[in-house]
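Here's a friendly tour for anyone meeting this structure for the first time. Have a look at the model, then read on.

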Amino acid sequence: MKKQTLFLLLTVLLSTILFGWTNVEDKWIVEKQNGYSLYYTTLDKQDIVEYKAYFVAGKKTVEDFFQNSFKNDFSIYIHPSRSSLDSAWQKDWNMPDFKSQCWMVASGVSNKLDIISPKKWDSLACEHSYSDSIKTLRLITHELVHVYHGQQNKSPDFSDVTGIDWFVEGLAVYASGQCDSVRISEVKKAISENRIPETLDKFWTGNLKYGLSGTVVLYLDKKFGREQIISLLNFNNIEELLNTLNTTEFEIMNGWRDTSVQNVEIKKG
Ligand SMILES: [Zn+2]
């Protein structure tokens, strides 16, 4: 065998081995869509058409809710494994040791949405099942609300916000339709049993966090109107939010409690 031929063979062999070792998660396929770029790996290729229908529907719900289109294009990453999602979060949040909890499947900030491949939720996550298509769509829509909100907010990744977790999350819960009749009745029950946190700051905590935060934003939407809600998207602290609405936390809590025990119209239940 000629020296050159041997060298060529060795090179081919070596690159095959190296290529084989490269993590499949590093090989993102990118597809440009209307308003966003979709990143996925070959492992999810066969489900992409199905997933795209969720993203299109979720995006439309968000744009209808805010009566406007997304300000900027963004990216959607479909992670083929939990370790792939974790490594994205470790990098984005600068927390090299971060390990996600089993219920965490997605996140949204101004420039991107990260999500574990929805068909793998049943095996890679707890509390989520892909077959529940309504809940799946609402979860994706929830994250898209965060993307929209982040594009309007002073803190695009919500890392610099004070006292508005209930608003950021409540808005995503409410606008996505996650504030459904079940959650509303859980909140009514908790109010009647005096199991309500004392401050709004604590509304996005505990088992009732979706219902508590979602119904407060539902209440604000009914009381102040959609335009006012939209005018709050820029703020990253509660003082600015209360000043704009010309109200106090005390007034919001009382008004919310009074209307929650009455029959609240379910906007997107
Ligand atoms: Zn959220």
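Is Phe235 buried or exposed, and what is its relative accessible area? Before the answer, one caution: this is a predicted model.

**Phe235**

Phe235 has a relative accessible area of 15%. The cut-off for buried is under 20%, so Phe235 counts as buried. You'll find Phe235 in the loop between helix H9 (226–231) and helix H10 (238–245). Leaving aside residues up to four places away in sequence, Phe235 touches Asn153, Lys154, Ile164, Glu240, Leu241 and Thr244. Gln152 is also worth finding: 83 residues separate Phe235 and Gln152 in sequence, yet their C-alpha atoms are 8.6 Å apart in space.

**The zinc ion**

Next up is the metal. Three residues coordinate the zinc ion: His142 and His146, each through NE2, and Glu169 through OE, at 2.0 to 2.1 Å. Read along the sequence, these donor residues follow the spacing H-x3-H-x22-E. His142 belongs to helix H5 (residues 133–152) and Glu169 to helix H6 (residues 165–176), so the pair ties together parts that are 27 residues apart in sequence. Both His142 and Glu169 are buried.

**Arg82**

Now hop over to helix H3 (residues 82–92), where Arg82 sits. What is the relative accessible area of Arg82? Arg82 comes in at 15%, and is buried. Its contacts, not counting residues up to four places away in sequence, are Ser100, Gln101, Cys102, Met104, Val105, Ile116, Leu124 and Ala125. Take Ser100 from that list: the side chains of Arg82 and Ser100 are joined by a polar contact of 2.7 Å. The C-alpha atoms of Arg82 and Ser100 are separated by 8.0 Å, and the two residues are 18 apart along the chain.

**The largest pocket**

How much space lies in the largest pocket? The figure is about 1600 Å³. Its lining is made up of 46 residues, and the closest to the pocket's centre are Trp103, Ala106, Glu143, Trp204 and Tyr210. Several elements give two or more residues to this lining: H3, strand E4 (106–109), strand E5 (112–116), H5, H6, helix H7 (181–192) and helix H8 (209–224). H5 provides the largest share, with seven residues. Sorted by class, the lining has 17 nonpolar, 14 polar and 15 charged residues.

**Two backbone oddities**

Last, a bit of backbone. Most residues other than glycine have a negative phi. Here are a couple of residues to check against that.

| Residue | Phi | Place | Relative accessible area |
|---|---|---|---|
| Phe158 | about 60° | loop between H5 and H6 | 16% |
| Asn246 | near 50° | loop between H10 and helix H11 (249–261) | 70% |

Phe158 has a positive phi although it is not a glycine, and Asn246 likewise has a positive value in a residue other than glycine. Which of these is buried and which is exposed? Phe158 counts as buried, whereas Asn246 is exposed.

Terms used. Residues are numbered from 1 along each chain as its sequence is written. This is a predicted model: local features need pLDDT of at least 70, side-chain atom pairs count only at pLDDT 80 or more; totals for chains, interfaces and linings use all residues. Side-chain values use heavy atoms; hydrogens and water are left out. Donors are N, O and S atoms within 2.8 Å of the metal (3.2 Å for Na, K and Ca); water is not among the atoms, so sites may look incomplete. Helices (H or I, at least four residues) and strands (E, at least two) are DSSP runs, numbered from the N terminus. Buried means under 20% relative accessible area, exposed over 50%, partly exposed in between (1.4 Å probe, protein chains only). Contact means heavy atoms within 4.5 Å. A polar contact is a pair of N or O atoms within 3.5 Å; within protein, one must be able to donate a hydrogen and the other to accept it, and residues adjacent in sequence count only if both atoms are side-chain atoms. On a 1 Å grid over the protein atoms alone, a cavity is a set of points where a 1.4 Å probe fits but cannot get out, and a pocket is an open set with protein on both sides within 12 Å along at least five of seven lines; lining residues have an atom within 4 Å of a point. Grid points are joined across faces, edges and corners, and a volume is the space filled by probe spheres set on the points. Ala, Val, Leu, Ile, Met, Phe, Trp, Tyr, Cys and Pro count as nonpolar, Asp, Glu, Lys and Arg as charged, and the others, Gly among them, as polar.
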